[in-house]
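Colleague: I am still learning to read models like this one, and I would be grateful for a close look at a single part of it. Please choose a part where helices pair up, and tell me first how far the model can be trusted.

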Amino acid sequence: MMQNVHLAPETDEDDLYSGYNDYNPTYDTEELENDTAFQQAVRTSHGRRPPSKTSLASSMGGRPVTGLIQDGVTRPMTAVRAAGFTKAALRGSAFDPLGQSRGPAPPLEAKNEDSPEEKIRQLEKKVNELVEESCIANSCGDLKLALEKAKDAGRKERVLVRQREQVTSPENINLDLTYSVLFNLASQYSANEMYAEALNTYQVIVKNKMFTNAGRLKVNMGNIYLKQRNYSKAIKFYRMALDQIPSVHKEMRIKIMQNIGVTFIKTGQYSDAINSFEHIMSMAPNLKAGFNLILSYFAVGDREKMKKAFQKLIAVPLEIDEDDKYISPSDDPHTNLVIEAIKNDHLRQMERERKAMAEKYIMTAAKLIAPVIETSFAVGYDWCVEVVKASQYIELANDLEINKAITFLRQKDFNQAVETLKMFEKKDSRVKSAAATNLSFLYYLENEFVQASSYADLAVSSDRYNPSALTNKGNTVFANGDYEKAAEFYKEALRNDSSCTEALYNIGLTYKKLNRLEEALDCFLKLHAILRNSAEVLYQIAHVYELMEDPNQAIEWLMQLISVVPTDSRALSKLGELYDSEGDKSQAFQYYYESYRYFPSNIEVIEWLGAYYIDTQFCEKAIQYFERAALIQPTQVKWQLMVASCFRRSGNYQKALDTYKDIHRKFPENVECLRFLVRLCTDIGLKEVQEYATKLKRLEKKKEIREQRIKSGRDGIGGSRSKRESSAGSDSGQNCSASSKSERLSARLSALPGTNEPYESSSHREIDASYVDPLGPQAERPKTAAKKRIEEDDFADEELGDDLLPE
């Protein structure tokens, strides 16, 4: 056992680094110069010859070579090969595991742009770009450019198809590109209202069997026929599209059925429309289908079905998040940041629009069916309110109640309207403010300014930021003559809502009352930038320029006014007045005559036209105007005297005599008529001259006696002298006023009077306002001057229900 154990001698020291300097002499580069074999290999091709087995074995220092035959014994190949060593190494190649000796990669092969395949590829890319540019132009509203791009894409696509057919087989044609080009072209034709071309293009797509699912484009063809009011063909194509769409596309089928129902309504086939909408409401209820179903039942007059359809409309789910989601439950800054980010994003805006649309449909449907579903509209409104209160739209119940009050106003039942609005005094602040605003408006119309002011205060206290309430409060203060305070309320209303045009208009009138004409003009010019075609604003600007003694600017703005309301007689007469003050009689006559043509009952215009013809020595033409004035004011003797005077001036004495006699029968105590009778009878030589002279002396004597009595009454003793002086002064003032008025009326026969009356109609308009639905779209106020004139003292009010509009 111990024979195999060898002990190391104690004298030997263990060398840890022994053997590291031993190396194969083959790798000794220092002796290469003395190596004859190496030098010969360098000079000749000997080095490229494969080495012999014996030399290789000797160069390896006696180590057996893997996989080689040594001493006649073949050793098997090993399965593992060292990294970087290949058989090439055995053939004398250098050690190059990374392949760096092979040099850089060869350059890429250059494209041949003249090849047919490359040309087809570039043309296809250009067609896609044109289709994309056409769609972008359409989205930007440039329909003509979109159509041009679509046509260009169609032309290039046809060239592309021909080139493909020449190079490749027809199976390789890009059908998707052809479909998109044709579809875009048809869409652009339809957008440009070129319906015939659009239908032809759609027909090309539909008839091509190679296009899959092209049949659903018949919906678009049906839409075009609907726009052309070809309802029978529209229904036909809608039904063809419905047959070609599988039942799995439920939403698409519902939309097509909705189109069919709308088309039936347009054709008056309400029973067929009811069937379509009933099917939609049973399969996938939505707001539009529910509203159209109510319209159809309303058209056929089915009360019970209207109620059921209204309940179905109320039950349609909104599928939006509650408002509580956007209220932060904690003080976590990260949560608050997220809520702030989503509070007004596109999804939130879409939810608001959907909710507003639902409320609009429900309000409109309730207003439509309430008067007909019960014996009276009040009972019908009550039923609608109860149904709404039991639904998810409970906040609309108050709006329906306010709308009920507005309906009472339309029916001229003010007491019921006031009672309905007073019910909201104990409601929450928003509804209370709306009701108080409307009550203030009503009392203002009835000139009960104390009540109007009281409810305006209540509206302001309930909602300090309600511009309608502040405007009404300013109106009541304006009516009491406190213009400075009224201006403050109007300014506050503008601070709360810069788009409150009523407050801006009223503050302009207030500044005009305060004679701050520059500020008034600035307000009206700002308002004109908002309401470009408002007749009232245009007139006010012209009137302010007139007060600033700038008639040229006033005429310019009045010309804009008559371009908006060309048949307004007041605007035309005002233009005539300004031209007359400038001395342009011909232009003044033109506008006065136009004013008379549209409104032949304006005494001032009639008087001016009569005086104009007398000045121009055309007394015969003046007769018709004075005769019309006599018809309008039959108790005024001056018009009939002017008619007789025109006959006398034109030389028709007999007609003048007959006219004076007729005046004498109607007004036997008119001294002027008797004087003309005496003169005419004397000139003609009639026997009645003595009779008329006697009557004239008798009337003159009565007049003298009357004047003596007045004089003796003034000089008499008794009574309070101060009272007599006051009475005498008053009588004198009245006489002076009467005489001055008489002189002014007489002067109008030869010149246009200088009037300071504002732009007004015969009916005094207290306030400019109209009723609008609380949640409906705001209707434009009827500010047409031909329909409602505005006076210098008038000022506008807020529209009813503005404060109920959703934020």
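Modeller: The term to have ready is pLDDT, which is the predictor's confidence in each residue, on a scale from 0 to 100. This is a predicted model, and across the protein the pLDDT averages 78, with 74% of the residues scoring at least 70. Confidence is lower in some stretches: over residues 52–65 the pLDDT stays under 50, and the model gives this stretch 10 contacts beyond four places in sequence. Residues 717–807 also have a pLDDT below 50, although the model has 191 contacts for them beyond near neighbours in sequence. Where pLDDT is low, the predicted coordinates should not be read in detail.

As background, the protein has 807 residues, of which 38% are buried, and its elements are 35 helices and 4 strands. If one takes the contacts between residues at least 6 apart in sequence, 55% of them join residues at least 24 apart.

The part I would look at closely runs from the loop before H9 to the end of H12. In that loop, which connects helix H8 (218–227) to H9, we find Arg 229. Its phi is near 60°, a positive value in a residue that is not glycine. Most residues other than glycine have a negative phi. Arg 229 has a relative accessible area of 66%, and because anything over 50% counts as exposed, Arg 229 is exposed.

After the loop comes helix H9 (residues 231–244), whose axis comes within 10 Å of the axis of helix H10 (residues 250–267), the crossing angle being roughly 165°. An angle over 145 degrees counts as roughly antiparallel, so H9 is roughly antiparallel to H10. The crossing of H9 with H10 is left-handed. On the H9 side, the residues that meet H10 include Tyr 231, Ala 234, Ile 235 and Tyr 238, while on the H10 side they include Ile 256, Met 257, Ile 260 and Phe 264. Sorted by type, the residues of this contact are 10 nonpolar, 3 polar and 3 charged.

Further along the chain, helix H11 (residues 270–283) and helix H12 (residues 287–300) can be read in the same careful way, since their axes come within 9 Å and cross at roughly 150°. This angle is again over 145 degrees, and H11 and H12 are therefore roughly antiparallel to each other. H11 and H12 also make a left-handed crossing. H11 brings residues such as Ala 273, Ile 274, Phe 277 and Met 281 to the contact, and H12 answers with residues that include Ala 289, Leu 293, Tyr 297 and Val 300. The residues of the contact of H11 with H12 are 11 nonpolar, 3 polar and 1 charged.

Elsewhere in the chain, there is another residue to set beside Arg 229. Gln 617, in the loop between helix H29 (603–615) and helix H30 (619–632), has a phi near 65°, again a positive value in a residue other than glycine. With a relative accessibility of 64%, Gln 617 counts as exposed. For contrast, Ser 569, which belongs to helix H27 (residues 569–581), is buried, with a relative accessible area of 5%. The C-alpha of Ser 569 lies 9.1 Å from that of Pro 600, although 31 residues separate Ser 569 and Pro 600 in sequence.

How values were computed
Residues numbered from 1 in each chain as written. Predicted model: local features only at pLDDT ≥ 70, side-chain atom pairs only at ≥ 80, totals over all residues. Heavy atoms only, no water. Axes fitted to C-alpha atoms, helices over the stretch in contact; angles between N-to-C directions. Helix = DSSP H or I, 4+ residues; strand = E, 2+ residues; numbered from the N terminus. Parallel < 35°, antiparallel > 145°, perpendicular 65-115°, else oblique. Left-handed = near helix turned anticlockwise from the far one by under 90°. Contact = heavy atoms within 4.5 Å. Nonpolar A, V, L, I, M, F, W, Y, C, P; charged D, E, K, R; others polar. Buried < 20%, exposed > 50% of the residue type's maximum accessible area, 1.4 Å probe, protein only.
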